[in-house]
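Dear colleague,

I am passing on the structure we spoke about, and below it you will find some notes on what turned up when its side-chain contacts and strands were examined. Please read them with the structure open beside you.

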Amino acid sequence: MTSSKKVLSKEANSLARTSRINYFDIVIESGKGAIVKDIEGRQYIDLLSSASATNTGHSHPHVVKAIQDQAEKLIQYTPAYFANAPAAKLARRLCALAPINGPKKLAWGTSGSDANDGIIKFARAYTKRPYLVSFMGAYHGSTYGSMTLSAVSLNMARNMGPLLPDVIKVPYPDPWHRLDGESEHDFVDRMFAEFKRPFETFLPTEETALIIIEPIQGDGGIIKAPTSFIRKVSEFAHEHGILFAIDEVNQGLGRTGKWWSIQHFEGVEPDLMSVGKSLASGLPLSAVIGRAEIIDSLDAPAHLFTTSGNPVTTAAAMATLDVIENEHLVERSAKLGEEAKTFFKREKAKYKFIGQCRMYGLDGGIDIIDPITNKPDANATTKLIYRIFELGVIMISLKTNVLRFQPPLVITEDQLHQAFKVIAQAFSELEEGKLSLPDNADNIGW
């Protein structure tokens, strides 16, 4: 039997360092539902869902059959020149699901990154304005445009400048920014004042094309902005003729207990949105969806790709939507998310090293802190994820000290409860001082 370490050692001679964020020495061979297996035969409960790209679980039989059936007929003929039936059907279905009123259209891509590039293109073309506004802590992708919008890691800017011009970053209402004793109302007012400051000092509203936001930040720590803040930003945008766009790549398609994360913010409607990751159960497919007049502001080939919207990926996406609807995964995420919220709330009451626990459906961020200083504790977090991994559960960290909880929405209750037992054991062992750092602790995570 080939060992994971042997495969990784050989791969290291060929793979760029930038191609992988380091966590565990594992080579995944197969997966079914919420269980993955490595090449050495060990099984793990997956609490990561391939970075929220497999909401329907691994190798769902309905998705697999759709891929197989379509691959037997036609794998690829570029949609840049000719239509295919699965993509034509999916376009209508996805536009109908989008939380945007009125006529809608979409443009295909292959990743969330190029979908967010598309948002930039359509916004500038429609408004004839140059400036773009995004939020600190955002992850929008790693193509040049989407990377410029992002602000979650210095390695997404280091040694690659200059990046896209005319992009302005403003603070996201992260709970770490909330002052002791500050009410949510005062917090929102203060953060909205920070948001407006560029427009009052150096950024003309009449030259601003776009404000883009993750209503619930993903890689920034699974953080939901206050509803009143999102409303204020959306109203500000529309008051000044600025397009308001949302990134649903990580948080969409049932992840948060609703079809789209923006549906947690009643009365807020985007002009544009990006979708990817779980759209085709992890196959490379994305879309920019928006008001028809905005999407029609560009002509071909301004935003088309040889393989985007191809027959196999769009057939997989049609099957993915079937599974989400037929197995009621949106409702399932909401229901099991309440169980997860109860579990982490109970654990927080036991241990002072657990800070804020944020849970929106099966979508959570759990802060690990130093009990004395209340500041992020990266070492304790790394000890925890390594012990959890040793015990047969895959869970990673964000922002050095946030446990990322995003299991497949098809996870069974038994699997979920088993994962809880493992996490509880790791928490207990950390409290007892039994956990140690791995040898590569300085090179772990984001």
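Which residue does Asp296 meet in a salt bridge? Its partner is Lys105, and the N to O distance between the two side chains is 3.0 Å. This pair joins distant parts of the chain, since Asp296 belongs to the loop between α9 (292-295) and α10 (311-326), while Lys105 lies in strand β4 (residues 104-109), 191 residues apart. Asp296 is partly exposed, with a relative accessible area of 44%, and Lys105 is likewise partly exposed, at 37%. Please keep in mind, here and below, that the model is predicted.

The count of salt bridges comes to 22, and a group of three residues among them deserves a description of its own. Asp38, Glu40 and Arg42 are joined into one network by salt bridges that share partners. Arg42 forms a salt bridge with Asp38, where the closest N and O atoms are 3.3 Å apart, and the side chain of Arg42 also meets that of Glu40 in a salt bridge, at 2.9 Å from N to O.

Which of these residues are buried, and which are partly exposed? Asp38 counts as buried because its relative accessibility is 0%, and the cut-off for that term is under 20%. Arg42, by contrast, has a relative accessibility of 42% and therefore counts as partly exposed, and Glu40, with a relative accessible area of 24%, is partly exposed as well.

The other part of the model that I would like to describe is strand β5 (residues 131-135), which is mostly covered, four of its five residues being buried. With which strands does β5 pair in the parallel sense? One of them is strand β7 (residues 208-213), with which β5 pairs over three bridges, and here Val133 stands opposite Ile211. Another is strand β6 (residues 167-170), with which β5 pairs in the parallel sense over four bridges, and in β6 the bridge partner of Ser134 is Lys169. Between β5 and β6 the chain passes through helix α6 (residues 144-149), and the β-α-β crossover made in this way is right-handed.

When you look at the side chains along these strands, it may help to recall that in a regular strand they alternate between the two faces of the sheet.

With best wishes

Methods. Residues numbered from 1 in each chain as written. Predicted model: local features only at pLDDT ≥ 70, side-chain atom pairs only at ≥ 80, totals over all residues. Heavy atoms only, no water. Salt bridge = Lys/Arg side-chain N within 4 Å of Asp/Glu carboxyl O. Buried < 20%, exposed > 50% of the residue type's maximum accessible area, 1.4 Å probe, protein only. Helix = DSSP H or I, 4+ residues; strand = E, 2+ residues; numbered from the N terminus. Pairing = 2+ DSSP bridges. Right-handed = clockwise from strand over helix to strand, strands pointing away.
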